[in-house]
Amino acid sequence: INIELAKIVIPSSMVIDYIKPGAIIDLESPLRQDVLVRKEGVLWATGVLKRFNRRFAVQISELLQKETEPYAGDTRIGIEICHANLSPQGVVETAQLGSLLLTGTPVSNVVSLNIGGEVVGHAELYAADSSYFIKVLDRS
């Protein structure tokens with residue numbers, strides 16, 4: 001299960017500029033605690049980001065949303081803030097409105113950049129002017 005703070009859709013020809021170390025990207029996403037919950041890369045639920053014992057958690061607020069696919073020639077980059085490993089039973093238990101999905105991810109400002117379910121880089125997350133920004137990190 002992957003939890004995304006935001007997603008950006010860009011022309012595929014620009015992907016290299018968006019994952020280049022040092023790039024600063026405005027996510028054009030207002031400061032909020034709403035997140036997207038993906039199961040095997042498919043949007044599964046939305047939730048509210050929480051903290052529990054210095055780790056991220058998500059309170060499920062809506063299940064099985066539909067998501068529009070990017071246009072041909074565009075690429076979707078997910079900004080993953082945390083993830084969780086759930087057994088099939090854990091998925092069933094979490095698939096209820098209001099349930100709390102606990103992650104093993106410590107609270108941090110480092111996020112992963114995902115394309116098609118694959119991590120293609122990491123970035124630091126910042127908030128400024130009521131919006132989120134990221135700065136792409138070196139791939140070391």
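**Close-up views of a predicted ten-stranded model**

**Figure 1. Antiparallel pairing of strand 2 with strand 10.** In this predicted model, four bridges join strand 2 to strand 10, which comprises residues 131-136, and the two strands run in the antiparallel sense. One residue pair illustrates the register: Ile-25 has Ile-134 of strand 10 as its bridge partner.

**Figure 2. The open sheet and its edges.** Ten strands form an open sheet with antiparallel pairing, and their order across the sheet is 2-10-9-8-6-1-3-4-5-7. Strand 2 (24-30) and strand 7 (100-106) are the edge strands, each of them pairing on one side only. From one strand to the next, the twist averages 45 degrees. In the sheet order, strand 10 follows strand 2 at one end, while strand 5 precedes strand 7 at the other.

**Figure 3. Surroundings of Thr-103 in strand 7.** Thr-103 is a residue of strand 7, which is one of the two edge strands. Its relative accessibility is 9%; because this value falls under the 20% cut-off, Thr-103 counts as buried. Outside the four nearest sequence positions on either side, the residues that Thr-103 touches are Ile-3, Arg-55, Phe-56, Ala-57, Cys-82, His-83 and Ala-84.

**Figure 4. Polar contacts made by the side chain of Thr-103.** At a distance of 2.6 Å, the side chain of Thr-103 reaches the backbone oxygen of Phe-56; Phe-56 is also among the residues that Thr-103 touches. A polar atom of the Thr-103 side chain further lies 3.2 Å from the backbone nitrogen of Thr-105. The two polar partners shown here are thus backbone atoms, an oxygen in Phe-56 and a nitrogen in Thr-105.

**Figure 5. The chain that frames these views.** The chain contains two helices and ten strands, arranged along the sequence in the pattern β-α-β-β-β-β-β-α-β-β-β-β. Its radius of gyration is 15 Å, close to the 14 Å given by the globule rule for 140 residues, so the chain is as compact as a globular protein of that length. The C-alpha trace spans about 40 × 35 × 30 Å along its principal axes.

**Figure 6. Burial, contacts and surface of the chain.** Of the 140 residues in the chain, 39% are buried, Thr-103 being one of the buried residues. Of the contacts between residues at least 6 apart in sequence, 63% link residues at least 24 apart. The accessible surface amounts to about 8,200 Å², and carbon and sulfur atoms account for 52% of this area.

Technical notes: Residues are numbered from 1 along each chain as its sequence is written. This is a predicted model: local features need pLDDT of at least 70, side-chain atom pairs count only at pLDDT 80 or more; totals for chains, interfaces and linings use all residues. Side-chain values use heavy atoms; hydrogens and water are left out. Two strands pair if DSSP finds at least two bridges between them. Axes are lines fitted to C-alpha atoms, for helices over the stretch in contact, and angles run from 0 to 180 degrees between N-to-C directions. Buried means under 20% relative accessible area, exposed over 50%, partly exposed in between (1.4 Å probe, protein chains only). A polar contact is a pair of N or O atoms within 3.5 Å; within protein, one must be able to donate a hydrogen and the other to accept it, and residues adjacent in sequence count only if both atoms are side-chain atoms. Contact means heavy atoms within 4.5 Å. The radius of gyration is taken over C-alpha atoms; the globule rule is 2.2 Å times the number of residues to the power 0.38. Accessible areas come from the Shrake-Rupley method with a 1.4 Å probe; for residues, only the protein chains shown count as cover. Lists of a residue's contacts leave out its neighbours within four places in sequence.
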